[in-house]
Amino acid sequence: MDPSFGSPVSPLSDTPQSISKRPPPRGTAAYPRKRAVTACQVCRARRTKCDNKKPSCSFCERVGAKCISSSVDLSAFDPASLKILERLDHLEETLALQHSQLLQQKQHSQYSHLVTDVLSWPVFESRYDAHLNIKSLLRKVPLDRISQSTASDSYVSISDLDSNAGVKLLDIFLQHVHVKNPILDEKRVRQIVHRVSLEGFGWDAESCLVLLIYALGSIASSFSMSSSDSTNIARANSYFNASQKRIGTLLGKGGVIEAQCFFFSGVYLMSALQPIHAWRHFVQALACCQEFDFAMQSLSLERKTISESSSGPPAEESVYWTCWKSEIELRQNLQLPDFTANDQAYPRLFPTPPAESEKEEHREWYYYLAEISLRRLDTRVRNEICHTQRPSYEHLAFTQLSDSVLSYEEQVNTWIYSLPETMSLQTPEADDDVLKFILRGHLMDFYELIYWPFVEAVINQQQGSRPPVVEEYGRKGLHCCLERIRLNKPGFTHRHHGTWFMIQSCTRSALVILAAARTTQAAELLPDGWDGAVFDVIEMLRFWEHEVGDAADRLRILEGLLGSV
């Protein structure tokens, strides 16, 4: 009998045709491969053979095209996959081009009024494009020029500081520094200073705060006095360096005194004309405030619930507000790429003044609240103007802008008339102290802001006839530039928290004046004495040029422009 008889043999098991085969790779049967696809992008787009010469193939070299070869070996891809990759490359290039065009359009269609923006105006014909990186300019003067991070504490032995000297530095601090940002309880801080004087400096937050108070007290001076001398600066550096050896222990904590330490570190660095380093401390100070319960509430409140909401402790509120406004004001001027400054709304809740305070402390808080209310108005208007498209002269947008300016003027007049008598700006400027001086400067910031579109129009858009409203507000804006310089001149050589901001704003005003002087139509709108104002700014920059890098750079620019007008 055949042994295979009756065996359950599969009909596919004995024939060659029935042997199972591996399925062919995708595309092999449909798209037979003839050669490896290694052509550059140009040859692949032309569907011609590429000789793959490096760095440029023969065809690209002959026609002057940019020869780009894929960094990926495409020989294993079938034609369908290659087509998909080609379309994806094209889509990526298209999106990148559109994004670049949108950024460029946004840059040229929205208003911004930093020094770098003015230097980019068409009237200067791109000659200052290499001077637009503010961070690079600031790095030209080393940090140890003023705040010597590597200096020892041997100049002043902090352990040998007697209590009387400490109290004197505290009094100077309270009189000239704290008055502008009243975030400390005077009675409490005097107790801390007394304890540290008796027990010596430790490594805790209170010792760090006292050292910062001593550092700022060493360089602070009355408004009528010039920049601190080298002896006071060296003494201040010793205290500041000692505080920075202790401030690292506060990084993992969050609280009022920790926020105060980081904030006053930023204030010292601003006084030392080191804005980038100061901003880092303001950011850390604000980070310490994020644990406060009312912080989130103050930003998310609806208007109808503001009066019903509960406020936080006064110390928390005041330090939070101070850190918030200091950080955003500095960020707007530094042009930090990862930290945009647009669409920033101030917290809705105002800080609560202390329940029991002396008359002078009441005045400090009047100033503090007046400054906050004006900054809130300034920020809201800034957001509106920065999102306003630049109109053409035939466009009705100039009429709409002029209507907005009238509204802004009414709002700021309301702010002026609502100021308490002790902070009134309707008094002679000669009687101003430092608090009124600062408020007038912020007020000039606001006026310059609302007239900015018209100033830019009269300088940069010279074709055709100008609408009367452009000339009217453009003239006001140029007058504001001159007034800013005149108002700030008494403080040109005074070292304080806002010195760098003063340098920026006055330099910008001088550049705007010189830009107007270079154009025939805008020059007619300049007020008398504009050249003297520019010369005053040049002298101010010459005073500070060895301490901050951008001052030296802007000094050379202004000197060149004034000499060519």
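A residue counts as buried when its relative accessible area is under 20%, as exposed when that value is over 50%, and as partly exposed in between. Keep those words handy as you click through this predicted model.

**Stop 1: Asp531.** Start by selecting Asp531, which you will find in helix α20, spanning residues 530-544. Is Asp531 buried, partly exposed or exposed? Its relative accessibility is 42%, so Asp531 is partly exposed. Now add Ile513 to your selection: Ile513 and Asp531 are 18 residues apart along the chain, and their C-alpha atoms are separated by 8.4 Å.

**Stop 2: a nonpolar patch.** Next, select Ile84, Leu88, Leu91 and Leu95, and switch on the surface. Together these residues make a nonpolar surface patch of about 380 Å². Pick out Leu91, which sits in helix α3, residues 79-109. With a relative accessible area of 46%, Leu91 is partly exposed.

**Stop 3: the cysteines.** A disulfide is a covalent bond between the sulfur atoms of two cysteines. How many disulfides does a search of the whole structure find? The search finds zero. Select Cys50 and Cys43 to look at one example: Cys50 is in no disulfide, and its nearest cysteine sulfur, in Cys43, is 3.9 Å away. Cys50 is also buried, having a relative accessible area of 8%.

Finally, select Cys261 together with Cys208. Why is there no bond between them? The closest cysteine sulfur to that of Cys261 is in Cys208, 4.0 Å away, which is too far for a bond, because a disulfide needs the two sulfur atoms within 2.5 Å. Cys261 is buried too, with a relative accessible area of 0%.

Technical notes
Residues numbered from 1 in each chain as written. Predicted model: local features only at pLDDT ≥ 70, side-chain atom pairs only at ≥ 80, totals over all residues. Heavy atoms only, no water. Buried < 20%, exposed > 50% of the residue type's maximum accessible area, 1.4 Å probe, protein only. Helix = DSSP H or I, 4+ residues; strand = E, 2+ residues; numbered from the N terminus. Patch = residues over 30% accessible without salt bridge, like charges linked within 9 Å, V, L, I, M, F, W, Y side chains within 5 Å. Areas by Shrake-Rupley, 256 points an atom, 1.4 Å probe, with all protein chains shown as cover. Salt bridge = Lys/Arg side-chain N within 4 Å of Asp/Glu carboxyl O.
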